[in-house]
Amino acid sequence: MATFQHRGKKWRAIVRRKGFASQSMSFPTLGMARTWAERMEREQAQRVAAGKTDVDYWTVRQCFDWYLDPERGHEPWGRTKEADLNRVKGYAIADRIAAELKSPDYVAHIEGRRRTGAGPATAGNDLIWLRVVLEAARAGKGVPVNMQEMDDAAKNLRDRRLIQKSKYRDRRLEPDEEEKLLTYLRGRDARSDIPMVDVMLFALATARRESEITRLRWDDLRPDVGTAFLDDVKHPRHKTGNRKEFRMTPEAWAIINRQPRTNERVFPYNPKSIGTAFSDTCSVLGIQNLRFHDLRHEATSRLFERGYAIHEVAQFTLHESWATLKRYTHLKPADVPDKPRSSATT
């Protein structure tokens, strides 16, 4: 049933019906408001006659809004995921009724993203987020989305190489790059609040990400056994509350011991500032295609080169499987040591 509110110089029509979300719109005259309300009521009546409910007409944007609603009771996620979800909400496909999406709709979205400069991995991430949200809406709210249409679109897009998985990085420091970086950062540290030399060396000694380095607290250190605890360790499903203990090398402890204790955190800095400072340094020095995260690759490889076994390296890096750990392991053939052949027994 429709109700009308007179506010200022406008009339607001509100249409409510059981099983449907309320709809409202403001108009200059009461007659226009009544006409709109009657049309909405007819459309809702037609949907009821066809056995449809409100969720049958949810748009993709409504599915995303429901998925993002903190009252839904989902586990908190990182800023990157939330930013990606809100980004997808801004595309034209978000205005489509989710249950009416067909394979050509997904294909057209990806083709448009590629035309505007998105790479195959970036464009492919859009399909990943659409799948996550639409599958959740289908299970949680009964939105009748046909996921086979997305599967068909994804196959077509992969065959045409318009989408693909992100390529694994295998960037390691070149022989002279480490010294170049440290030399420049020593000069920079003299006029900066962030001791980038120690931060970089700590990353190389521990294989920790910048966000993990800046979360490490003095109370989490266990120097008597050579380990430390870290909260919210990255995990594909359970990051929040994922507290893990990791091993540290003597070089890492030496770096910690020379840090001033001015905060509950050992390195009380913004992780984004660390990443920016590192990128700026690479730019000044002309070092191409090197990111702070690549130091994690370098550190992991160095642990293997020191002779640690797979299960031992995992105690430093906190990888839970070899399949994941090997992504960060980039030994050079020349660095594999010769091992004596064991004597055959007879």
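This passage describes a sheet, a helix packed across it and two nonpolar cores. The model is predicted, so that local features require pLDDT of at least 70 and side-chain atom pairs count only at pLDDT 80 or more, whereas totals for chains, interfaces and linings use all residues. Residues are numbered from 1 along each chain as its sequence is written, and side-chain values use heavy atoms, with hydrogens and water left out.

Three strands form an open sheet in the order S1-S2-S3 with antiparallel pairing (strands are DSSP runs of E of at least two residues, helices runs of H or I of at least four, both numbered from the N terminus; strands pair if DSSP finds at least two bridges between them). Strands S1 (2-7) and S3 (23-27) are at the edges with a single partner strand each, so one side of each has no neighbour in the sheet. S1 is joined to S2 (residues 10-15) by six bridges, and arginine 7 lies opposite lysine 10 in S2. Helix H1 (residues 30-49) lies across S1, S2 and S3 and runs at about 15° to S2 (axes are lines fitted to C-alpha atoms, for helices over the stretch in contact, and angles run from 0 to 180 degrees between N-to-C directions; contact means heavy atoms within 4.5 Å).

The largest nonpolar core (buried Ala, Val, Leu, Ile, Met, Phe, Trp, Tyr and Cys residues joined through side-chain atoms within 4.5 Å; buried means under 20% relative accessible area with a 1.4 Å probe, protein chains only) has 38 residues, of which Phe202, Leu221, Met248, Ile256 and Phe278 touch the most other members. Helix H8 (196-206) is among the elements that each supply at least two residues of this core, and its eight residues are the largest share. A second, separate core of 34 residues includes Val60, Cys63, Tyr67 and Val143.

Definitions and conventions. Buried < 20%, exposed > 50% of the residue type's maximum accessible area, 1.4 Å probe, protein only.
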